[in-house]
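Could you walk me through this structure while I have it open in my viewer? I would like to know what to select at each stop and what is there.

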Amino acid sequence: MKAGLVSCSNGQHPQQQEKINQLIRILEKMGMECVQAEHLYARDGVFGGTPKERAQDLMAFYNDGSIHAIYDVSGGDIANEVLGYLDYGKIADADKMFWGYSDLTTVINAIYAKTGKASVLYQVKHLAEDHAKLRQECFQSAVFGGGTDLFQISYQFLQGESMEGVVVGGNIRCLLKLAGTPYFPDMRGKILLLESLGSSAAQAAAQICQLGQMGVFDVVSGVLLGTFTKLEQSEGEMAPYKLLTRHIHTDIPVARTPQVGHSADAKAVLIGGFLQLG
């Protein structure tokens with residue numbers, strides 16, 4: 001098996017090179033050959049390359065028949081710059097899946113909106129963190145053995161008792177970059193997944209309000225709240241739900257999971273895949 005490592009968002013800082021090398025060693029030990037994109041590392045501030053160059057890196061992996069999976073190891077702010085340079089027809093036809101998280105919410109949802117194709121919300125770089133043996137085993141089982149534990153999340157219903165539908169969303173700040181663009185997914189009948197790393201109470205309130213004003217909460221089949229790291233640290237784990245209740249009808253199912261978000265132990269979610277809870 002062969003995988004491409006790419007940075008569509010902020011380029012990897014040179015200090016991250018050893019972690020990337022460690023990740024490559026871990027993946028190679030599993031039996032996966034890794035190929036690094038040309039613009040993986042930052043060269044000009046946070047930029048590893050121009051938007052077009054970074055998009056070309058991604059498309060090169062989609063066009064390479066020997067590449068079986070694409071793992072984006074980046075995050076940050078600039079992934080949406082590549083969206084206008086991607087060939088969505090070729091992405092739709094390629095028999096491979098894109099993996100990334102955080103700012104890659106933009107790319108993952110754009111791929112679904114343009115092609116109907118699923119991608120994985122997951123940061124493979126977490127496999128190279130300390131005490132990651134169990135993480136590595138779950139990942140290896142999912143990729144090489146068809147195991148499902150990587151995608152099995154625990155959850156608690158806060159409204160309603162069940163929900164089902166195709167999952168869209170991810171990081172709330174990054175999802176909202178797609179608002180008003182052709183890359184924002186159709187929310188009708190979907191499960192909307194929302195998580196956040198750095199949003200304060202005021203920022204999260206504004207972000208949730210924007211989704212409400214866009215009519216999103218009027219058409220989704222349910223909302224799945226992942227972790228809101230900064231908000232929960234300051235206001236408690238129920239703070240995201242309390243903000244959500246200002247803008248959502250009481251008959252819309254809402255569930256919470258502590259296993260999706262920015263923690264190193266976060267599970268994977270198939271964005272564009274069907275999910276049934278309850």
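Here is a short tour that goes from a sheet to some salt bridges. Keep in mind that the model is predicted.

**Stop 1: the sheet**

Start in cartoon view and colour the open sheet of 6 strands. Reading across the sheet, the strand order is 6-10-9-8-7-12, and the pairing is mixed. At the edges you will find strand 6 (156-159) and strand 12 (274-277), each of which pairs on one side only. Turn the view to see how the strands cross: on average, neighbours in this sheet are turned by 35 degrees against each other, direction ignored.

**Stop 2: a pair of strands inside it**

Now select residues 163-171 for strand 7 and residues 191-196 for strand 8. These two strands run parallel and are joined by 5 bridges. For a single landmark, click on G170, which stands opposite L194 in strand 8.

**Stop 3: R135 and D265**

Time to switch on side chains, as the model has 11 salt bridges to look for. Begin with R135 and D265, whose side chains meet in a salt bridge with an N to O distance of 2.8 Å. The two partners are 130 residues apart: R135 belongs to helix 5 (residues 133-144), while D265 lies in the loop between strand 10 (254-256) and strand 11 (269-271). Which partner is buried and which is exposed? R135 counts as buried because its relative accessibility is 10%, under the 20% cut-off. D265 counts as exposed because its value is 55%, over the 50% cut-off.

**Stop 4: D186 and R188**

Next, select D186 and R188, where a salt bridge spans 2.6 Å from N to O. D186 is partly exposed at 35% relative accessibility, whereas R188 is exposed at 59%.

**Stop 5: R256 and its network**

Finish by returning to strand 10, where R256 sits. R256 forms a salt bridge with E237, and the closest N and O atoms are 3.7 Å apart. This pair also links distant parts of the chain: E237 lies in the loop between helix 8 (229-235) and helix 9 (239-244), 19 residues from R256. R256 is buried at 10% relative accessibility, and E237 is partly exposed with a relative accessible area of 47%. Before you leave, add E232 to the selection: salt bridges that share partners join E232, E237 and R256 into one network.

Notes:
Residues numbered from 1 in each chain as written. Predicted model: local features only at pLDDT ≥ 70, side-chain atom pairs only at ≥ 80, totals over all residues. Heavy atoms only, no water. Salt bridge = Lys/Arg side-chain N within 4 Å of Asp/Glu carboxyl O. Helix = DSSP H or I, 4+ residues; strand = E, 2+ residues; numbered from the N terminus. Buried < 20%, exposed > 50% of the residue type's maximum accessible area, 1.4 Å probe, protein only. Pairing = 2+ DSSP bridges. Axes fitted to C-alpha atoms, helices over the stretch in contact; angles between N-to-C directions.
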